[in-house]
Structures are given as structure tokens and as C-alpha cells.
Amino acid sequence: MSVTINEKKVMLGLNISYYRKARSMTQTELAEQLEITSNYLSQVERGSKILSVAKIFRAAEILGVDEKDFWDFSRNKN
């Protein structure tokens, strides 16, 4: 069974949301550090928008995870 690009965007967003919440960060706090709006981050976490590669690397750094963890779709975190 193949996973669509849209499904991958949703899973990526869920993973970012998972790690953000695990660090007790609000969307506003993470968005400010990423220099994006909290509205945009909300859309990323819902899978309707995607971060640039540079922002994904920065988010991983901020959240203290390896960026590959964002791409691990094998586990259900939410």
C-alpha cells in the first residue's frame, strides 16, 4: 500500500506536533523561534502546509530531536 504525498505531509505535521507538545511548547513559541506565524505552524501540523528543509532542520534543533525522527511514520504518536 502506497502512502500519498498528502498523507506524508499529515504524518510529518503530526510528528512535529508530537515533539513540540512533548517539550511543553506552544505553537506560538515554536513558530516564533522558526520565524513563521503560529497560523502557518498550525497548518503545517495539520498537513495542509509544509516547512522548508531549512525550517525542518531548525525545528529539530529547537525540539532537541534528530530531523529523521520527523520522518518516522512507523509509529502512531497521537
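**Aromatic rings and helix crossings**

In this predicted model, one aromatic cluster is formed by Y18, Y19 and F70.

Q: Why is the aromatic pair of Y18 and Y19 called edge-to-face?
A: Happily, the angle settles this one. The planes of Y18 and Y19 stand 80 degrees apart, and planes over 60 degrees apart count as edge-to-face. The rings also qualify as a pair, because their centres are 5.0 Å apart and the cut-off is within 6.5 Å. By this rule the count comes to 3 aromatic pairs.

Q: What makes Y19 count as buried?
A: Y19 has 9% relative accessibility, and buried means under 20%, so Y19 is buried.

Q: Why does Y18 count as partly exposed?
A: Its relative accessibility is 31%. Buried would need under 20% and exposed over 50%, so Y18 counts as partly exposed.

Q: How do you know that α2 is roughly perpendicular to α3?
A: The axes of α2 (residues 27–34) and α3 (residues 38–46) cross at roughly 105 degrees and come within 8 Å. The range for roughly perpendicular is 65 to 115 degrees, so α2 and α3 earn that name. Where they touch, Q27, T28, L30 and A31 of α2 meet S38, L41, S42 and E45 of α3.

Q: Why are α2 and α4 called oblique to each other?
A: Here the axes of α2 and α4 (residues 53–63) cross at roughly 125 degrees. That value lies outside 65 to 115 and is not over 145, so the two helices are oblique. In this contact, L30, Q33 and L34 of α2 meet K55, R58, A59, I62 and L63 of α4; by class there are 5 nonpolar, 1 polar and 2 charged residues.

Conventions. Residues numbered from 1 in each chain as written. Predicted model: local features only at pLDDT ≥ 70, side-chain atom pairs only at ≥ 80, totals over all residues. Heavy atoms only, no water. Axes fitted to C-alpha atoms, helices over the stretch in contact; angles between N-to-C directions. Helix = DSSP H or I, 4+ residues; strand = E, 2+ residues; numbered from the N terminus. Parallel < 35°, antiparallel > 145°, perpendicular 65-115°, else oblique. Contact = heavy atoms within 4.5 Å. Nonpolar A, V, L, I, M, F, W, Y, C, P; charged D, E, K, R; others polar. Phe/Tyr/Trp six-rings, centres within 6.5 Å; stacked < 30°, edge-to-face > 60°. Buried < 20%, exposed > 50% of the residue type's maximum accessible area, 1.4 Å probe, protein only.
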